[in-house]
Structure formats: C-alpha cells, structure tokens
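Q: Please take a close look at one part of this structure. I am new to it, so keep the sentences short.

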Amino acid sequence: MVTEKCDVYSFGVLVLEVVMGNHPRDLLHHIASTRGQHILLKDILDQRPPAPTTSEEKDIVLLMKMALSCLQASPQARPTMQRTHQTLTHNQSYSPVPRHFSVITLDELYDT
C-alpha cells in the first residue's frame, strides 16, 4: 500500500543517489542485510567533485543521517516528510559523530 512513509523511503533513496552520483541499488541491498557497519562514508561519495570542505562534511553527515533514517525497514520508524523538511531547512543536526570524517562508517550514522 502506498503511504507517506513510502514517499519518505523514496526520498532517502534519492538523497543517496545524489550523494553517491549513481543509483544506490547495491548499497541498499548491503545495508538492508548488514546495516553498513564496514562501509566508510567517504567511500560511497561521488568522486567526481572535489573533496568536501569541513563545513560540507558536516552537511554530508547530516544528509546521510537523514537519508538512512528515511530508509528504516519499518515504516513506523521512518520520519515524516515534515520532519525531514524541518531537518534540512533548519539544519537540525542529529547528535554529532565524534570521529574524523574519513573514518565514519554508515552504521555510525543510523539514529539509535
């Protein structure tokens, strides 16, 4: 059944596609089965643009946390589109990741 939570999931996929520079089909399968604990965030970024600045790294972490929350297996665990919009427009960060950008794994970005 199509619901708002389906739209939220699709939005998460779109964000991943923009960040990665291609469709995240293989990544979606991998994180669904292992939660992405061994995948470094820097390794999935689109390599065509220059490396992100420190401020862009913070934005990427925020985007990825939001995207991964939209991709939760349980529709009830996904945020609403209103909450997603508020997060992006008000730059409402989730709790910061206390690690250097180059060693952040996808698993660290899941809202727990």
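A: What follows looks at helix 1 and then at its surroundings.

This is a predicted model, where local features need pLDDT of at least 70, side-chain atom pairs count only at pLDDT 80 or more, and totals for chains, interfaces and linings use all residues. Residues are numbered from 1 along each chain as its sequence is written, and side-chain values use heavy atoms, with hydrogens and water left out.

Start with the setting. The chain has 6 helices and 0 strands. Helices are DSSP runs (H or I, at least four residues), strands are DSSP runs too (E, at least two), and both are numbered from the N terminus.

Helix 1 takes in residues 4-20. Its expected span is 1.5 Å times one less than its number of residues. For 17 residues that should give 24 Å, and the end C-alpha atoms are 24 Å apart, which agrees. Just after helix 1, Gly21 has a positive phi of about 85 degrees.

Now its buried residues. Buried means under 20% relative accessible area, exposed means over 50%, and partly exposed lies in between (1.4 Å probe, protein chains only). In helix 1, the buried residues are Lys5, Val8, Gly12, Val13, Val15, Leu16, Val19 and Met20. They sit on the same side of helix 1, because they cover an arc of only 160 degrees around the axis. That arc is taken from the directions from the helix axis to the C-beta atoms. An α-helix has 3.6 residues a turn, so residues three or four places apart point the same way.

What covers these buried residues? The cover includes helix 2 (25-34), helix 3 (41-44), helix 4 (54-70) and helix 5 (81-89). Contact here means heavy atoms within 4.5 Å.

Cys6 is partly exposed, with a relative accessible area of 30%. Cys70 is buried, at 0%. The count of disulfides (pairs of cysteine sulfur atoms within 2.5 Å) comes to 0.

Helix 1 also feeds a core. A nonpolar core is a set of buried Ala, Val, Leu, Ile, Met, Phe, Trp, Tyr and Cys residues joined through side-chain atoms within 4.5 Å. The largest one has 24 residues, and Leu27, Ile31, Leu41, Ile44, Met64, Leu106 and Leu109 touch the most other members. Helix 1, helix 2, helix 3, helix 4 and helix 6 (106-109) each supply at least two residues of this core. Helix 4 gives the most, with 6 residues.

Leu41 shows such packing. Not counting residues up to four places away in sequence, Leu41 touches residues including Ile60, Val61, Met64, Phe101 and Leu109.
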